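Me: I have a protein chain open on my screen and would like to talk it through with you. Could we go step by step, with some reasoning behind each answer?

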Amino acid sequence: MDMFGLTLDQVVQFLALALLLAVIATVWMGWNQIRSARKLPFFMLRRSRSTQGWRLLFVGFILTILALLVQISGREVVYRIIPPTPSLTPTNTVTSTPTITPTPSITPIPSITPTASITPTATITTTPILPDEIREQIESEVTPNPEAVLSPIEVARQVDSNVQPVGSSETFILPVTRLYGAFSYNNMQDGVQWTAIWYLDGTTICVESLAWDGGTGGYGYTECEQEEWMEGEYEIQMFVGESWKKSTRFVILSESPESTSTVEVTSTP
């Protein structure tokens, strides 16, 4: 969720930094007031300025406590007040258009019918299971929140500065270097183990499994980079702890299925 171009996490960090700067300024002014009071020759002026200095030091102490509270609990409080909502919406990026319009005097006879070399299959109906070799490596002591949710995963060649996918699609044409699986999330916990597994026709090609550090809500992504991507059907599976949360499928082709066909044309007298 963005606020004036900043995420809620960035707003909380900015507020904590502002409070820290206020603490430094207040303590500095208070200390200067106390030091300068010692040089005054009159008792009443010396006591008045010294009192102002101690008041500033007390205000600095209060601001220090507020800065610590914002740094420790500010993000959780903000996300309870303004929970992030998933906004990713998959869209098709390829629109086929006819390239030949027959006229009454010409009869086109197609000689080639383009067909996709790979046909996506139906979505898996069984619930994915975290592989044993990954489950044995989980060391996190944080119990996953059963209410943690992920939005549908969008696959794209890149993401922007706001962690939004750029040109997401279900079909990609070689060459491909790196792909991202972007998603939004809510009710997550820092320290909980999360895992993203990339498959090619059932074979694992990329695995990310580490402690979560993105806060309770916002936007994130998993990425996979290969020296040579192969033509085939791919799948991304996301887990929080040992629980499966979301999957998506996409296809990589060696050439576009919308390639132009060869047409024979004969004229009618």
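**Talking through the model**

Me: Thanks for joining me! In which helix does L66 lie?
Reply: Happy to help, and please keep in mind that this is a predicted model. L66 is one of the residues that make a nonpolar surface patch, together with F58, V59, F61, I62, I65 and L69. The helix that holds L66 spans residues 43-81, and it is α2.

Me: Is L66 buried, partly exposed or exposed?
Reply: Buried would need a relative accessible area under 20%, and exposed one over 50%. L66 has a value of 39%, so it falls between those limits. That makes L66 partly exposed.

Me: About what area does the nonpolar surface patch with L66 have?
Reply: The patch is built from F58, V59, F61, I62, I65, L66 and L69. Taken together, these residues make a patch of about 630 Å².

Me: How confident is the predictor, and which strand has the lowest mean pLDDT?
Reply: Over the protein chain the mean pLDDT is 80, and 75% of the residues reach 70 or more. Among the elements, strand β5 (residues 154-156) has the highest mean, 96. At the other end, with a mean of 45, is the strand at residues 263-267, β15.

Me: How many contacts does the stretch 260-267 have beyond near neighbours in sequence?
Reply: Please read this one with care, as the pLDDT is below 50 over residues 260-267. Beyond near neighbours in sequence, the contacts of this stretch in the model number 17.

Me: Which strands each supply at least two residues of the largest nonpolar core?
Reply: In soluble globular proteins, nonpolar side chains tend to be buried together. Here the largest nonpolar core has 25 residues, and those with the most contacts inside it are L179, W198, W229, M238 and F250. The strands that each supply at least two of its residues are β9 (178-186), β10 (193-200), β13 (232-240) and β14 (243-253).

Me: Leaving aside neighbours within four places in sequence, which residues is F250 in contact with?
Reply: F250 is among the residues with the most contacts inside the largest core. L179 and W198 are on that list as well, and both touch F250. The full set of partners is V155, E170, F172, L179, W198, G232, E233, Y234 and I236.

Me: Which residue forms a salt bridge with R249?
Reply: The closest N and O atoms of this pair are 2.7 Å apart. R249 lies in strand β14 and its partner in strand β13, so the pair ties together parts that are 16 residues apart in sequence. R249 is partly exposed at 28% relative accessibility, whereas the partner is buried at 14%. That partner is E233.

Me: How many residues apart in sequence are the parts tied together by E242 and R135?
Reply: The side chains of E242 and R135 meet in a salt bridge with an N to O distance of 3.4 Å. E242 lies in the loop between β13 and β14, and R135 in helix α3 (residues 132-135). The pair therefore joins parts whose separation in sequence, in residues, is 107.

Me: Which residue is linked with R135 and E242 in a network of salt bridges?
Reply: A search of the whole structure finds 6 salt bridges. R135 and E242 meet in one of them, and both belong to a network. The other residue linked in that network is D132.

Key:
Residues numbered from 1 in each chain as written. Heavy atoms only, no water. Core = buried A, V, L, I, M, F, W, Y, C linked by side-chain atoms within 4.5 Å. Buried < 20%, exposed > 50% of the residue type's maximum accessible area, 1.4 Å probe, protein only. Helix = DSSP H or I, 4+ residues; strand = E, 2+ residues; numbered from the N terminus. Contact = heavy atoms within 4.5 Å. Patch = residues over 30% accessible without salt bridge, like charges linked within 9 Å, V, L, I, M, F, W, Y side chains within 5 Å. Areas by Shrake-Rupley, 256 points an atom, 1.4 Å probe, with all protein chains shown as cover. Salt bridge = Lys/Arg side-chain N within 4 Å of Asp/Glu carboxyl O. pLDDT = per-residue confidence, 0-100.
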